[in-house]
Amino acid sequence: MREIKRKTIKSFLPKRGADSNKGTFGRVLVVAGSNTMTGAALLCAKSVLKAGAGLVVLALPQSRQAAAIAALPEAITFPLPETDGVIDLRALGVLDALVKAFNPCLAVIGPGLGASPAAVPFMKQCHLPLVADADALNRLAASGLDSVFPREQITVLTPHPGEMARLLKTDIARDKKTREQQVRALKEKTGAVCLLKGKNTLLCAGDEVWQNPTGGCALAKAGTGDVLCGLVAGFLAQIGLAEGFNLASAQKAAACAVYLHGLSGDLAAGDLTDYCVLA
């Protein structure tokens, strides 16, 4: 197992040319949110921009659009059909039209999505690089990994220990050895770049597992996973456009995201204590 180093992350960070524009740094489609978890969608979309991506299109339940516009004016927001507060199957045609209209370089699905029946069908129809998190992973676990995988385009999966156990239909990993076995197993079953969140988040994109040294209990708070998901997507948009969307660029993006996410938590805890840090 290899520890992620600060100097490695510095070498991975995408460069920012002085003559760049928002198109240079990527457009990201975020499919997220429900009537009870609008905040998750907003945290994710804001983090895409905070990572340096040029534009984010936030597609969320139509009843949540006004709240999203007020909270994140930098995003393009688009209302999706919903039933009982969650995105429903009618959204699939709308999302297909959105992809054609805005030409995003990648998509994100999951934060705050709730029990949306559109999650797995969207993952199947989406021909973009994809970052899947949270409720998208729970829906995937219910339908089975082979309902979506293998995919032609690169995928990044970001489960916490409970989601990982559901995806693999096994017990929650309680020790370092089992965590490593699980992140390797998910990578082998899907071909995706896989994260296993928690203390010393693990990253598997190939034969080697990388371990993140940053972060601690200050990040044990609702919403921090949504932030991490957005950071992965924001960095992948930039690195992927510069180097191609493949396992190597996705591994670099995920490493940047987990390291800087953890470091941000450490720095915030230094100011606020471990108790008071918010996503």
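Start by selecting Thr190, which is buried, with a relative accessible area of 7%. You are looking at a predicted model, so please read every stop on this tour in that light. Thr190 belongs to helix α8, which covers residues 176-190. Show its side chain and look back along the helix: that side chain reaches the backbone oxygen of Leu186 at 2.7 Å. Now bring up the surroundings. Setting aside residues up to four places away in sequence, Thr190 touches Leu145, Phe149 and Leu157.

Keep Phe149 on screen and add Pro150. What kind of peptide bond joins Phe149 and Pro150? The bond is cis, with omega at about 5 degrees. Pro150 sits in the loop between α6 (134-143) and β9 (155-157).

From that loop, go to helix α6 and pick Ala134, which lies in this helix. Check its backbone: phi is near 55 degrees, a positive value in a residue other than glycine. Is Ala134 buried or exposed? At 12% relative accessibility, Ala134 counts as buried, because the limit for that word is under 20%.

For a second positive phi, select Asn103, where the angle is near 50 degrees, again in a residue other than glycine. Asn103 is in the loop between α4 (91-102) and β7 (106-109). Here the surroundings are open: Asn103 is exposed, with a relative accessible area of 59%.

Next comes the interior. Select Val28, Val30, Leu58, Leu106, Val108, Val131 and Val193: within the largest nonpolar core, which has 48 residues, these touch the most other members. Colour the elements that each supply at least two residues of this core: α1 (6-12), β2 (27-31), α2, β3, β7, β10 (193-196), α9 and α10. Which of the elements gives the most to this core? That is α9, with 10 residues.

Zoom in on Val30 for a closer view. Not counting residues up to four places away in sequence, Val30 touches Cys44, Ala45, Val48, Val56, Val57, Leu58, Ala59 and Val108. Apart from this core lies another, of 42 residues, and Ala118, Leu168, Val183 and Cys204 are among them.

Ala118 also leads to the next stop, an enclosed space. How many cavities of 30 Å³ or more does the structure hold? The count is 1, and about 30 Å³ of space lies in the largest cavity. To frame the largest cavity, select its lining: Val31, Ile87, Leu95, Ile109, Leu113, Ser116, Ala118, Ala119 and Phe122. By class, this lining has 8 nonpolar residues, 1 polar residue and no charged residues.

Turn now to Gly54, in the loop between α2 (38-50) and β3 (55-61). At 22% relative accessibility, Gly54 counts as partly exposed. Draw a distance from its C-alpha atom to that of Gly23: the two are separated by 6.0 Å, though they are 31 residues apart along the chain. Leaving aside neighbours within four places in sequence, Gly54 is in contact with Lys22, Phe25, Gly26 and Leu49.

The last stops are the pockets, and Thr224 is a good way in. Thr224 is found in helix α9 and, at 8% relative accessibility, counts as buried. Beyond residues up to four places away in sequence, Thr224 touches Leu219, His261 and Ala279.

Follow Leu219 to the largest pocket. Leu219 is one of the residues nearest the pocket's centre, along with Lys197, Gly198, Lys199 and Thr201, and the whole lining has 20 residues. About 350 Å³ of space lies in this pocket. Helices α9 (224-243) and α10 (247-276) each supply at least two residues of its lining. What does the lining look like by class? It has 6 nonpolar, 12 polar and 2 charged residues.

Then follow His261 and Ala279 to the second largest pocket. Both lie nearest its centre together with Ser47, Val227 and Ser264, in a lining of 15 residues. About 280 Å³ of space lies in the second largest pocket. Its lining draws at least two residues from each of α2, α9 and α10. By class, the lining of the second largest pocket has 8 nonpolar, 5 polar and 2 charged residues.

How values were computed:
Residues are numbered from 1 along each chain as its sequence is written. This is a predicted model: local features need pLDDT of at least 70, side-chain atom pairs count only at pLDDT 80 or more; totals for chains, interfaces and linings use all residues. Side-chain values use heavy atoms; hydrogens and water are left out. On a 1 Å grid over the protein atoms alone, a cavity is a set of points where a 1.4 Å probe fits but cannot get out, and a pocket is an open set with protein on both sides within 12 Å along at least five of seven lines; lining residues have an atom within 4 Å of a point. Grid points are joined across faces, edges and corners, and a volume is the space filled by probe spheres set on the points. Helices (H or I, at least four residues) and strands (E, at least two) are DSSP runs, numbered from the N terminus. Ala, Val, Leu, Ile, Met, Phe, Trp, Tyr, Cys and Pro count as nonpolar, Asp, Glu, Lys and Arg as charged, and the others, Gly among them, as polar. Buried means under 20% relative accessible area, exposed over 50%, partly exposed in between (1.4 Å probe, protein chains only). Contact means heavy atoms within 4.5 Å. A polar contact is a pair of N or O atoms within 3.5 Å; within protein, one must be able to donate a hydrogen and the other to accept it, and residues adjacent in sequence count only if both atoms are side-chain atoms. A nonpolar core is a set of buried Ala, Val, Leu, Ile, Met, Phe, Trp, Tyr and Cys residues joined through side-chain atoms within 4.5 Å.
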